[in-house]
Amino acid sequence: MEWRAEGLEDLAVVDLTGDLVGLFCAHRLRSFGASVTSVHRDDAARVFGRDITFVDETDAGLPALVAAGDLVVDRDDELGLRMARHLGERAVRLVVTPFGRTGPYAGYKATDLTAEAFAGALSSCGLADHAPLGVGGHLISTYVGAVAAAAGLAEVLLAEDTGSGSVVDVSWVNALAASMDRRALQLVVRSYTGWDAERDDGRPSPLMNGLHECADGWVYLSLYGWQIRTVCELIGDEELIPFVDRPGLALAEPGNKVLRTAVDGWLRARTRAEAVAVAQAGGWPVTPANSRTEALDDPWLRESGLVVEDAGVDLPASGISLRGVGTSP
Amino acid sequence: MTGPLSGLRVIDLTVVLSGTYTTMALADLGAEVIRVESRHHYPSATKGPRRLRVEGLERIGNTRRGYAERDPGDEPWHRSAIGNVNGRGKRSVTMELETDAGRSAFDDLVRRSDVLVENNSANFLERRGLSAATLFGLNRRLVLVRLPGGAPTGALASIKGMGPSFEALAGLRDLRRYPDVPWDRHPETMYMDATTGPAAVAAVLSALRRRRSTGEGASIVVSQLGVMMDHARDAYAEAQAPRRPAPPRENFSWEMAPHGVYRCAGDDEWLALACEGDEAWRSLHRILSASRPTAEPPLGAASTLEERLDRWRAVDDWVTGWTSSRTKHDAFHELQGARVAAAPVLREGELMTDEHMNAVGAFTDLDHPVVGRRRSPGPPWSSSRWRLDERRAAPLLGEDNEYVYREVLGYDDATYRALIEAGEAGTDYV
């Protein structure tokens, strides 16, 4: 399918941040049709910059662009503060900073890794006998940019309702603390139980959730307790028969070892494609485990339009479709 | 002043985490969110096991064993963190989509609502006779939001999996590696669940803005897999034309050096450090060189990024020599004072008591009728124009039945009583 969204065709957005957080925010708003200008300059502009107009921050026309902007994104730095003087009455100023504009750590610096350390789930990500392991790439920046896009857009609706603009603050650390990449849930678990989440001790989970090897590659296997019966029937191993009526036996030793051995043996005797097809048809969530380059060639992702050619390379589509009533997705 | 979505009503048919987070964010923006729940279909993936003994908790993973006071009690769904985490600000009504009475009430609710969000299995609505055409027939101004894990059509329409399954399919697991650990022992994340909410909220806001000019609603599909991949466009571009070899250690960066997580004084205490450029390196060099006892610096203050990358191991040893003799908080403040990006790796308890996070109001204390007053992360934004003064904790099952049936739908007392007697409206599972 074609991933196309609309709704912001007459919205003018100016990104003054120069960082990936602001660029991703701009990219997201652009995907809904907004007209976006950005001062971003590095390589990321190539992959996140489709249909965005880039200008230099010293461009003499920048104050006029800001004055005409409905939503202006900055990071409270010298450029942002200087340009804020040009904002229109109905404009929304979206300020995205690492620790916010107030509080003891206002003005402190952050990168993806350090922000994740402070407020994200880094403390419990990784193996207990290794250093905590960051989520990788620039996924923290793009996540915060996505939160900022939603926050800024909400404020635009309010400004259009009332005829006057506002300032909305998004801090990286607040966004990460409220993130569903485990942290928000772990914080609530803490307030319920006093438990802090821990890094993995490397022992296999009885439910086997994780990567497993097939004859020609890897798959990711998910399993809930209520699916044990289905899995045992699907594999059809005689040793699993007792678990069909008493699935709980498969979660404690010695039953768990029997289950693990049977599942691993079943997977290794099949190609990835065979294992995934049979398991999915039986309602068992087994999916291929790809590298990034394999994912770009994955027939499922290609067929669904989630990978498209863009600027001479294969890139993900937005994954968002927004159509009027009566239009099929 | 009330929030940007004040006066709008959202029907919440979401499950597990990504969908429930989306509707909670809409409530945080002022919308009235009504969670429509079944008394007959217990949502164990969303609220945890229906029956659970205390001794069973040890077998459950970190994120699923969070019962208040570690006691599931007789109604574990009301005591579980995973069941309550995304319930902030919502109402709950029990309504059966498969019965005539329930379906009639649901149709009435659709007529009186602005947004419907669902992230159930494929064709969940269609199997209940609620196709998009039917829903728009009831309410042409409705914004219908669907959040499939894969895609709405083709092979991905029926694929089953959770966030980590799709992360594996998308190839994102290889973004984080311990070079000395086999691939299958690497940790998973719920990054996909995290990315869905902001994307879906932006889509709802765009559709509502569009509705102001067109007068009609919209059909939104947010592919959770696709949105997650969109967040990593740069990583996919890099994978096709790699400019550098695989990182030689965990948390390594070819863009910054030093860059990593370094051991501090204490048991399992760590500092994340990212030296963003030559100026930050000079500051770091000055601080570490001035400290005693510290080994001789492996490079001069004027060294370049390439030189620091070439000698990354020696630089790391030098940094560790400094961090390991300090607490993570002391190191954090000293480095930030010199404009070097660093942060302590904080556990949940440390973050919740952190001076800064509390000063900026990052957490909200909510009074829940069963688990009492509990702290949770608040909305990640703040506006100069509005704030919601009162936020409810997650609702109990059917807590708002009377409000929804009587006030929202306008049913008279006899009709409401009949729904209770028929088992439609209730406050427990059957």
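**Exercise 1. Which residue stands opposite B:Ala218 in β6(B)?**

Before solving, two notes. This is a predicted model, in which local features need pLDDT of at least 70, side-chain atom pairs count only at pLDDT 80 or more, and totals for chains, interfaces and linings use all residues. Residues are numbered from 1 along each chain as its sequence is written, with chains lettered from A and ligands numbered from 1 in the order in which they are written.

Step 1: Find the strands, which are DSSP runs of E with at least two residues, numbered from the N terminus, as are helices (H or I, at least four residues). Strand β12 (residues 320–324) of chain A and strand β6 (residues 218–222) of chain B run antiparallel, joined by 5 bridges; pairing requires at least two DSSP bridges.

Step 2: Read off the partner: A:Gly324.

**Exercise 2. Describe the side of chain B that touches chain A.**

Step 1: Count the contacts (C-beta atoms, placed from the backbone, within 7 Å). Here 126 residues of chain B meet 123 residues of chain A.

Step 2: Locate the main contributor. Helix α8 (residues 191–214) of chain B supplies the largest share, 17 residues.

Step 3: Sort by class. This side of chain B has 69 nonpolar residues (Ala, Val, Leu, Ile, Met, Phe, Trp, Tyr, Cys and Pro), 25 charged (Asp, Glu, Lys and Arg) and 32 polar (the others, Gly among them).

**Exercise 3. List the contacts of B:Leu26.**

Step 1: Set aside its neighbours within four places in sequence.

Step 2: What remains is B:Leu5, B:Val10, B:Ala31, B:Val33, B:Val115, B:Val201 and B:Val204. Nicely done!

Definitions and conventions
Contact = placed C-beta atoms within 7 Å.
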